[in-house]
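Trainee: Got a minute to go through this one with me? I'd like to ask about whatever catches my eye.
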Amino acid sequence: MSTPNQPTGLPDGFPDPNARRMSLLPPYLLGRINAYNDELRAKGVDVIDLGMGNPVDPIQAEVLETMRASLDEVPNHRYSQAKGILPLKQAFARHYARHFKVELDPKEEIIATIGSKEAFSHLMLGMLGPGDSCVVPTPAFTIHMYAPQIAGASVIGVYMKEEQPGPQLLADLKYALETVRPRPKLLILNFPHNPTARTVDLGFYEEAVALGKHYGVWVLNDFAYGHSCFDGYQAPSILQVKGAKDIAVETFTMSKPYNMAGWRVGFLAGSRHLVDILARIKGYFDYGIFQCIQLSAVTALDHGDTLIKQQSLLYEKRRDALLEGLKKAGWKKTIKNRGTMFSWQPLPDHPKVKGMNSVDFCFTLARETGVSFTPGGGFGPEGDSHLRMALVAPEARIAEACARIGKFLQA
Ligand SMILES: Cc1ncc(COP(=O)(O)O)c(C=O)c1O
C-alpha cells in the first residue's frame, strides 16, 4: 500500500529516490490548510488567515536605505563569509549587551545564519546522530521535533502540563535526563514558546542550566520571540544565567522582531564549542548570507530598538482584540499570554465542537466562516485540544474573524 510520502509513476526500474530519512517527515499540515484556503478564495470567500506566523507589518525604512546603497558596491555581490561578517556579529553583540546585559565575543561566541531555523537544523546535524537523543518539551515547534530526527537522533518529548512552565516541567525534564539511557545529549527549550505562547522567568533558566551542568547535557534555547513580549514582561535570555555560555546556546532571528522574515537572517550565540560546530558544518553547506542583507541587518540591529517595541505593542493590542472578540463569540475559556505573535486557545466547549479534534475543527471553521487557524494537533498529539492563532492581521480584522466565529457558534 502506498503512503503519502511514496512517489507514484517512477520511471521503470528506478528505485524510490527518497532517502529513508524522508519517511520520517509527516505530510505538512500547514500545506494542506493553505491549499484549502486557496480553494475557498477561488470560490470568492474572504479568508481571514491567522494560521502561519508570517509577519505582515513593515520593516524599518533605514534598513531599505542600507540595502539600496549596498547594492551599488560590487564586492557586496561576491560570496560572503559562511559565519557572517564581523560587523554583523559585532552589531549582534551590542544588541545582546544593550537588551539582555549579556557579553558575547563576536568572533568565538556568535555566528550569523540564514535564519534561525537554518542555525537550528544544521546544528542538529553537527551535534546529533544515530544513538544520540535530545529532550524537547511538547507540544513543540515542528522543526524542534524533526531536525534531530533527520540527523538520526531520537527525540524524547516531555509534555508541558503547566500553563506557566515552572516546577512541574523542571521536575519532568530532570526525570527524563536522569532516567533515559544512553543519557540525552541535548535539551531543547523555546521560550517564549511556539505554539503554546508560554513564557518563563530567569529562575527557570537558572534551574535548566543547573540541570544541564549536573547531568552533562547541552542546552539550546530558541529565542525567536525574545522581543515579542506584552504587559511589561521582558523575556529573559538563557545566556543571562551566570556560566550559561559553558554549556548553552541561544538562537535569535531578525524575522519576528524586525519583520524581516523573508530576508533570512538569524544567529546562534553562546557556547563557543557549539558555535564552532555550526561554523564547521556551514563551511561545507553554504557561503553565508548575501552581504547586502548582512549590512542591512546591522542597520536594523543598531537602529531598530523603537521598531521592536512598537511591534510587540501591535501584537499585544491584537491579542487583546482577539481575547475580547472570542469572549463575545461565546468562547468561554481563553488563555491570556504575555509573549510571542500567537494566541493558544483550547477548543471551545460548545455542542457544535463536540467530538472534533483540532484538525476537524480548523477545517470546519474555515469552511463555515472563512477564518483560518492552525490546529494544535499539528504540533504533536499533546496539542490536539488547542488551536494556535497568529496575530498577523489588524485589530479590526481580528474582531471581524471573532464576529464570524460568534455567528457560527450561535447559529
Ligand atoms: C520558535 C521558532 N523558531 C524559529 C523560527 C524560524 O525563524 P527564522 O525565520 O529565523 O528561520 C520560527 C518561525 O516561525 C519559530 O516560531
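Trainee: Which residue stands opposite Arg388 in β12?
Mentor: Thr374 does. Keep in mind that this is a predicted model.
Trainee: Okay, and how many bridges join β11 to β12?
Mentor: There are 2 bridges, and the two strands run antiparallel. β12 covers residues 386-390.
Trainee: What order do the strands of that open sheet come in?
Mentor: The order is β9-β12-β11, so to speak a 3-strand open sheet with antiparallel pairing. Its edge strands are β9 (342-346) and β11 (374-375), and each of them pairs on one side only.
Trainee: Now the sheet with 7 strands. What's the order there?
Mentor: Reading across, you get β2-β8-β7-β6-β5-β3-β4, an open sheet with mixed pairing. The edges are β2 (110-113) and β4 (154-159), each with pairing on one side only. From one strand to the next, the twist averages 20°.
Trainee: Are β3 and β4 parallel or antiparallel?
Mentor: Parallel, over 6 bridges, with β3 spanning residues 133-138. Thr138 stands opposite Tyr159 in β4.
Trainee: Which strands does helix α7 lie across?
Mentor: α7 (residues 202-215) lies across β5 (186-189), β6 (218-222) and β7 (248-253). Against β6 it runs at about 150°. Helix α8 (residues 272-285) packs on the sheet too, touching β2, β6, β7 and β8 (266-270). The direction of α8 makes about 35° with that of β2.
Trainee: Switching to helix pairs: at what angle do α4 and α5 cross?
Mentor: Roughly 30°, and the axes of α4 (residues 116-127) and α5 (residues 142-150) come within 8 Å. The cut-off for roughly parallel is under 35 degrees, so α4 counts as roughly parallel to α5. The crossing is right-handed.
Trainee: Which residues meet there?
Mentor: On the α4 side you have Lys117, Phe120, Ser121 and Met124; on the α5 side, Ile143, Ala147 and Pro148. By class, the contact has 5 nonpolar, 1 polar and 1 charged residues.
Trainee: Last topic, the ligand. Which residues come nearest?
Mentor: Gly115, Ser116, Lys117, Thr253 and Ser255, out of 13 residues around the ligand. Lys117 should ring a bell, as it is also one of the α4 residues in the contact with α5.
Trainee: And how do the shell residues divide by class?
Mentor: Into 3 nonpolar, 8 polar and 2 charged.

Terms used. Residues are numbered from 1 along each chain as its sequence is written. This is a predicted model: local features need pLDDT of at least 70, side-chain atom pairs count only at pLDDT 80 or more; totals for chains, interfaces and linings use all residues. Two strands pair if DSSP finds at least two bridges between them. Helices (H or I, at least four residues) and strands (E, at least two) are DSSP runs, numbered from the N terminus. Axes are lines fitted to C-alpha atoms, for helices over the stretch in contact, and angles run from 0 to 180 degrees between N-to-C directions. Two residues are in contact if their C-beta atoms, placed from the backbone, lie within 7 Å. A residue is near a molecule or strand if its C-beta atom, placed from the backbone, lies within 6 Å of it. Ala, Val, Leu, Ile, Met, Phe, Trp, Tyr, Cys and Pro count as nonpolar, Asp, Glu, Lys and Arg as charged, and the others, Gly among them, as polar. Angles under 35 degrees count as roughly parallel, over 145 as roughly antiparallel, 65 to 115 as roughly perpendicular and the rest as oblique. A crossing is left-handed if the near helix is turned anticlockwise from the far one by less than a right angle, and right-handed if clockwise.
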